[in-house]
Amino acid sequence: MIGSSSVHATGLSLLLIGAALLWILAVRLAPRRPGMPAIVLHIAAGTALAWLLPASGAGPERARELLALLAEAGLVLLLFRAGLDADLKQLRRQLPNAAGIWFWNVVASALLGWLTARHLVGLDVVGALFVTVALTATSVGVPVGIWSEAGRLDSREGSLLLDVAELDDLSTIVLMALLVAAVPL
């Protein structure tokens, strides 16, 4: 027999998930000011929900876990979208420009990551290396969404944005693989 609190928790979980899905639909259908991408409203709603749920104690643990899972899945899909929008012919054409931007982007991210992890946070060398490598990846999900809504991903600059992000992500994967192989766990 299912207990009353379990039924209540399941009902509240479904209500919270339903509210989140209705928000997504409302943002999709609602008229917006020009220049206001839908992704900004989604991020604002997600941030508000992340602050409100734990602070109010509202919602059972299961609902919070499910919302966290949906948030992570949404982030992964957003990042995959950047890769799916890529054009390999454009990448080859823009490779010299993208490589220059990529190099300094990775160097600056790595340097700032290392200095912060090692000297401000006080991590040991191995921990600081993992933080450093992780920070070399570019998270372009938000800009890609904004550029896509504006119809600018097909432009030369949009292709360059995607190409630099792809190079960043590929180099981070290679660096992380090398680091994991070099550091015994």
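Accessible areas are those given by the Shrake-Rupley method with a 1.4 Å probe. On this basis, the chain of the predicted model exposes about 12200 Å², of which carbon and sulfur atoms supply 72%. Of its 185 residues, 25% count as buried.

The secondary structure comprises seven helices and zero strands, so that the order of elements from the N terminus reads α-α-α-α-α-α-α. Among contacts between residues at least 6 apart in sequence, 70% join residues at least 24 apart.

Part of the exposed surface can be assigned to a nonpolar patch of about 300 Å², made by Leu21, Trp23 and Ile24. Ile24 belongs to helix H1, which spans residues 4–29. With a relative accessible area of 41%, Ile24 is partly exposed; this value satisfies the patch criterion, because patch residues must have over 30% relative accessible area.

A search for salt bridges across the whole structure returns one. This salt bridge pairs Glu157 with Arg152, and its closest N and O atoms are 3.3 Å apart. The separation qualifies because the cut-off for such a pair is 4 Å. Glu157 is partly exposed at 42% relative accessibility, and Arg152 is likewise partly exposed, at 39%. Both values fall in the partly exposed class because that class lies between the limits of 20% and 50%.

Buried positions were examined in helix H5, which covers residues 125–134. Ala128, Thr132 and Val133 are buried in this helix. These residues lie on the same side of H5, because the arc that they cover around the axis is only 130°.

A further buried position occurs in helix H7 (residues 156–182), where Ser171 is located. The relative accessibility of Ser171 is 13%, and the residue therefore counts as buried, the limit for this class being under 20%. A polar atom of the Ser171 side chain lies 2.9 Å from the backbone oxygen of Asp168. When neighbours within four places in sequence are left aside, Ser171 is in contact with Trp102 and Val106. Ser171 thus combines a buried position with a short list of contacts beyond its sequence neighbours, namely Trp102 and Val106.

Methods. Residues numbered from 1 in each chain as written. Predicted model: local features only at pLDDT ≥ 70, side-chain atom pairs only at ≥ 80, totals over all residues. Heavy atoms only, no water. Helix = DSSP H or I, 4+ residues; strand = E, 2+ residues; numbered from the N terminus. Buried < 20%, exposed > 50% of the residue type's maximum accessible area, 1.4 Å probe, protein only. Contact = heavy atoms within 4.5 Å. Patch = residues over 30% accessible without salt bridge, like charges linked within 9 Å, V, L, I, M, F, W, Y side chains within 5 Å. Salt bridge = Lys/Arg side-chain N within 4 Å of Asp/Glu carboxyl O. Arc of directions from axis to C-beta. Polar contact = N/O pair within 3.5 Å; in protein donor to acceptor, adjacent residues only side chain to side chain.
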